[in-house]
Amino acid sequence: MIEAAALRKRFGPVEAVRDVTFRANDGSITGLLGPNGAGKSTTLRMLYGVLTPDGGSARIDGLDIRGETSAARAHLGVLPHAAVCTAT
């Protein structure tokens, strides 16, 4: 399960993510929807440990993304949208 509570992230004067709270249960499909620039990718980057949240908290299968980043990351499968896959 993924649980996020009041996640926040700023880049200088830009508030990229403000108080994002959600719960994604195991065995369910959960989507983050919103227009370009809404903070979807930034939220995901915080969840898988590439960015550190400025506030709030999140847990992946009970593991804190700040204190147990590597262990939490091991419970996720992530393919960022910038990744390129080619078949030969």
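This briefing covers the nonpolar core, the pockets and the salt bridges of the structure above. The model is a predicted one, and every value quoted for it is computed. Its largest nonpolar core holds 13 residues, its largest pocket has a volume of about 410 Å³, and a search of the whole structure finds four salt bridges, three of which are described below with their partners.

**Nonpolar core**

- Among the 13 residues that make up the largest nonpolar core, those that touch the most other members are Leu-7, Leu-47 and Ala-58.
- At least two residues of this core come from each of four elements, namely strand E1 (2-11), strand E2 (14-24), helix H1 (40-47) and strand E3 (55-60), and E2 provides the largest share with four residues.
- Once its neighbours within four places in sequence are left aside, Ala-58 is in contact with Glu-3, Ala-4, Leu-7, Leu-47, Leu-63, Asp-64 and Ile-65, a list that includes Leu-7 and Leu-47, which are themselves named with Ala-58 as touching the most other members of the core.

**Largest pocket**

- The largest pocket, with its volume of about 410 Å³, is lined by 19 residues, and those lying nearest its centre are Leu-32, Leu-44, Leu-47, Tyr-48 and Val-78.
- Both E2 and H1 supply at least two residues of this lining, and the largest share, five residues, comes from H1.
- By class, the lining of the largest pocket divides into 12 nonpolar, five polar and two charged residues.
- Leu-47 links this topic to the preceding one, since the residue lies among those nearest the centre of the largest pocket and also among those that touch the most other members of the largest nonpolar core.

**Second largest pocket**

- The second largest pocket encloses about 170 Å³ of space, and of the 13 residues in its lining, Val-20, Ala-38, Gly-39, Lys-40 and Thr-43 lie nearest its centre.
- E2 and H1 are the elements that give two or more residues to the lining of this second pocket, and here E2 gives the most, with five residues.
- Seven nonpolar, three polar and three charged residues make up the lining of the second largest pocket.

**Salt bridges**

- Asp-54 and Lys-9 meet through their side chains in a salt bridge, with an N to O distance of 3.6 Å, and this pair links distant parts of the chain, as Asp-54 lies in the loop between H1 and E3 whereas Lys-9 lies in strand E1, 45 residues apart.
- The two partners of that bridge fall into separate accessibility classes: Asp-54 has a relative accessible area of 44% and is therefore partly exposed, whereas Lys-9 counts as buried because its relative accessible area is 11%, which is under the 20% limit for a buried residue.
- Glu-15 takes part in a salt bridge with Arg-10, at 4.0 Å from N to O, and in another with Arg-18, at 3.1 Å from N to O.
- Through these shared partners, Arg-10, Glu-15 and Arg-18 are joined by salt bridges into one network.
- Within the network, Glu-15 is partly exposed at 38% relative accessibility and Arg-10 is partly exposed at 41%, while Arg-18 counts as exposed because its relative accessibility is 60%, which is over the 50% limit for an exposed residue.

How values were computed:
Residues numbered from 1 in each chain as written. Predicted model: local features only at pLDDT ≥ 70, side-chain atom pairs only at ≥ 80, totals over all residues. Heavy atoms only, no water. Core = buried A, V, L, I, M, F, W, Y, C linked by side-chain atoms within 4.5 Å. Buried < 20%, exposed > 50% of the residue type's maximum accessible area, 1.4 Å probe, protein only. Contact = heavy atoms within 4.5 Å. 1 Å grid on protein atoms, 1.4 Å probe; cavity = no way out; pocket = protein on both sides within 12 Å on 5 of 7 lines; lining within 4 Å. Points joined across faces, edges and corners; volume = space filled by probe spheres on them. Nonpolar A, V, L, I, M, F, W, Y, C, P; charged D, E, K, R; others polar.
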